[in-house]
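Ready to poke around a protein model? Grab a pencil, try each exercise, then check your steps against the solution.

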Amino acid sequence: MSTVNWKPFVFGGLASVTAECGTFPIDLAKTRLQVQGQVGDSKYKEIRYRGMLHAIARIGREEGLRALYSGIAPAMLRQASYGTIKIGTYQSFKRLLVERPEDETLLTNVLCGILSGVISSSIANPTDVLKIRMQAKEE
């Protein structure tokens with residue numbers, strides 16, 4: 001049995017954090033679009049955003065450009081943990097099951113993907129909840 005390769009963990013985490021920085025305003029707009037018009041909460045009954053681009057523009061104009069990144073800290077923590085664990089454990093599981101990449105099968109990849117996804121999601125879920133709560137909060 002070989003030693004655990006640390007590179008997939010580090011590079012997976014770095015890639016996840018970088019991607020989160022680039023796509024965070026889109027995720028914020030998606031969250032705001034989801035909570036608007038909720039029947040049970042009078043705070044969100046008004047339809048404020050007509051679509052993704054309108055939401056991003058309105059948030060930036062009314063709440064400031066910094067608001068487009070409200071909730072980024074727990075999002076970064078989530079991606080640092082989730083991406084690191086998911087990609088690192090996926091590669092580690094594959095190396096446990098298969099010695100050479102040529103011997104990988106679809107079943108091997110699916111099984112490793114499921115296992116690594118379940119583990120990483122279970123660990124990172126609390127930070128995702130916090131991120132969404134911070135995104136939904138309007139100032």
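**Exercise 1.** Find which residues make the nonpolar surface patch of about 430 Å².

*Solution.* This is a predicted model, so keep that in mind throughout. The patch is built from Trp 6, Val 10, Phe 11 and Leu 14. Now place Trp 6: look in the segment before helix H1 (7-35). Then check its cover: with 52% relative accessibility, and exposed meaning over 50%, Trp 6 counts as exposed.

**Exercise 2.** Work out whether the length of helix H3 (residues 72-97) fits its residue count.

*Solution.* Start with the 26 residues of H3. At 1.5 Å a residue, the helix should span 38 Å. Next, take the end C-alpha atoms, which sit 36 Å apart, and that agrees.

Which parts cover the buried residues of H3? H1 and helix H4 (106-136) are among them. As for the buried residues themselves, they include Pro 74, Tyr 82, Ile 85 and Lys 94.

**Exercise 3.** Track down the aromatic pairing in the whole structure and say what it links.

*Solution.* A full search turns up one aromatic pair. Its partners are Phe 24 and Tyr 69, 5.9 Å centre to centre with 15° between the planes, and planes under 30 degrees apart count as stacked. Phe 24 belongs to helix H1, while Tyr 69 is in the loop between helix H2 (52-63) and H3, so the pair ties together parts 45 residues apart in sequence.

Last step: are these two buried or exposed? Phe 24 is buried, at a relative accessible area of 0%. Tyr 69, at 36% relative accessibility, is partly exposed.

Conventions
Residues are numbered from 1 along each chain as its sequence is written. This is a predicted model: local features need pLDDT of at least 70, side-chain atom pairs count only at pLDDT 80 or more; totals for chains, interfaces and linings use all residues. Side-chain values use heavy atoms; hydrogens and water are left out. Patches are made of residues with over 30% relative accessible area and no salt bridge: like charges are joined within 9 Å, nonpolar side chains (Val, Leu, Ile, Met, Phe, Trp, Tyr) within 5 Å. Accessible areas come from the Shrake-Rupley method with a 1.4 Å probe; for residues, only the protein chains shown count as cover. A salt bridge is a side-chain nitrogen of Lys or Arg within 4 Å of a carboxyl oxygen of Asp or Glu. Helices (H or I, at least four residues) and strands (E, at least two) are DSSP runs, numbered from the N terminus. Buried means under 20% relative accessible area, exposed over 50%, partly exposed in between (1.4 Å probe, protein chains only). The expected span of a helix is 1.5 Å times one less than its number of residues. Contact means heavy atoms within 4.5 Å. Rings of Phe, Tyr and Trp (its six-membered ring) pair if their centres lie within 6.5 Å; planes under 30 degrees apart count as stacked, over 60 as edge-to-face and the rest as tilted.
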